[in-house]
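Open the model in your viewer and keep the selection tool at hand. Each stop below says what to select and what is there.

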Amino acid sequence: ISKVSIIPENKLLFGNKKINDTLYAKTLIIDNLEEKVAFIIIDSQGIAQYIVDEIKKNINLKTNFPTQNIVVATTHTHSGIISNTSPENFNNSKLNEYQLFLIKTITNGFISAYTNLIPSKIAWANFDKSEYVFNRRWYTKKLNMNPYGIMDSIIMNPGSSLRKQLIKPAGPIDPQISFIALQTTSNVPLAILANYSLHYVGGVEKDVISADYFGFFDTNLNKLLHENKINPNFLGLMT
């Protein structure tokens, strides 16, 4: 496992925003000596595919780790940074300074995790937590314009002015929290990778950098598992 900050020393690359808590790229690698897979979870609002491809290519060149076995995802923290360029340059873009920093930093974080693998025990489970999730799409009593300019009987994220038009959610919810957990062979918690279909929870002011509840998950789970202390060798990942 590894956790590297994706906030560069030159904070002006972030538009001189205030920083509430650090944004990280977290890497978890699992190898059963027959097959291996890596998860890289990044506290970013969004990273363009060509940047992800460059990260995977760099990792493969330096470690020979198969790119098809690397999962890269952002947490979509609303208090993070979108690492894209304009759509017209999406497939043929010159990388900017922050994107180059991301590629180098995340690659180095992966190498650190890969060169420090330790024998571990793994378990997995799931449970439901339905009260925090809801379907964001609703059938309405009259047609509304959708984002594609088409009249639609379903609307997403209806505001208070449309509440009287709502009929029912346009589909089910996914209440499941699923996770894998790893311990050292001496039973010390090492990492938990969890997934929950909760779109977003924040709490900081506008224009303040934060990992939001994904960072909170990491820190507080660490304390719960280590008698209210932070273990620097533990990694909590939420997707």
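**Stop 1: Glu-131 and Lys-129**

Select Glu-131 in this predicted model. Glu-131 counts as exposed, at 52% relative accessibility. The cut-off matters here: exposed means over 50%. Now add Lys-129, which is partly exposed with a relative accessible area of 30%. The two form a salt bridge, with the closest N and O atoms 3.1 Å apart. Elsewhere, salt bridges that share partners join Lys-3, Lys-26 and Asp-218 into one network. A search of the whole structure finds 4 salt bridges.

**Stop 2: Asp-218 and Lys-3**

Select Asp-218 and Lys-3 from that network. Their closest N and O atoms are 2.9 Å apart, in a salt bridge. This pair links distant parts of the chain. Asp-218 sits in helix α3 (residues 212-225), Lys-3 in strand β1 (residues 2-5), and their positions lie 215 residues apart in the numbering. Is Asp-218 buried or exposed? Asp-218 is buried, with a relative accessible area of 4%. Lys-3 is partly exposed, at 35%.

**Stop 3: helix α1**

Select residues 49-63, which make up helix α1. What span should these 15 residues have at 1.5 Å a residue? The expected value is 21 Å, and the end C-alpha atoms are 21 Å apart, so the two agree.

Next, show the side chains of Lys-57 and Glu-54. They meet in a salt bridge, 3.4 Å from N to O. The two residues are separated by about one helical turn, because they are 3 residues apart in α1. Both ends of this bridge are partly exposed: Lys-57 has a relative accessible area of 42%, and Glu-54 has 25%.

Now look for the buried residues of α1. They are Tyr-50, Ile-51, Val-52, Ile-55, Lys-56, Asn-58, Ile-59 and Thr-63. What covers them? The cover includes strands β4 (36-42), β5 (46-47), β6 (70-74) and β7 (82-83), along with helix α2 (97-114). Color those elements to see them around the helix. Then step just past the end of α1 to Asn-64, which takes a positive phi of about 65 degrees.

**Stop 4: strand β9**

Select residues 137-145, strand β9, and find Leu-143 there. Add Met-145 and Met-151. With Leu-143 they form a nonpolar patch on the surface, and together they have about 320 Å² of accessible area.

Asn-144 is also in β9. Asn-144 is buried, with a relative accessible area of 13%. A polar atom of the Asn-144 side chain lies 3.0 Å from the backbone oxygen of Lys-142. Leaving aside neighbours within four places in sequence, Asn-144 is in contact with Ile-150, Met-151, Asp-152, Ile-155, Leu-162 and Gln-165. Met-151 thus appears in this contact list and in the nonpolar patch.

**Stop 5: Thr-184**

Finish in strand β12 (residues 176-184), where Thr-184 lies. Thr-184 counts as buried, at 14% relative accessibility. Its side chain makes a polar contact of 3.1 Å with the side chain of Ser-186. Not counting residues up to four places away in sequence, Thr-184 touches Ile-118, Pro-119, Lys-121 and Leu-190.

For a last check, pick the C-alpha atoms of Thr-184 and Val-201. How far apart are they in space? The distance is 31 Å, and the two residues are 17 apart in sequence.

Notes: Residues numbered from 1 in each chain as written. Predicted model: local features only at pLDDT ≥ 70, side-chain atom pairs only at ≥ 80, totals over all residues. Heavy atoms only, no water. Helix = DSSP H or I, 4+ residues; strand = E, 2+ residues; numbered from the N terminus. Expected span 1.5 Å × (residues − 1). Buried < 20%, exposed > 50% of the residue type's maximum accessible area, 1.4 Å probe, protein only. Contact = heavy atoms within 4.5 Å. Patch = residues over 30% accessible without salt bridge, like charges linked within 9 Å, V, L, I, M, F, W, Y side chains within 5 Å. Areas by Shrake-Rupley, 256 points an atom, 1.4 Å probe, with all protein chains shown as cover. Polar contact = N/O pair within 3.5 Å; in protein donor to acceptor, adjacent residues only side chain to side chain.
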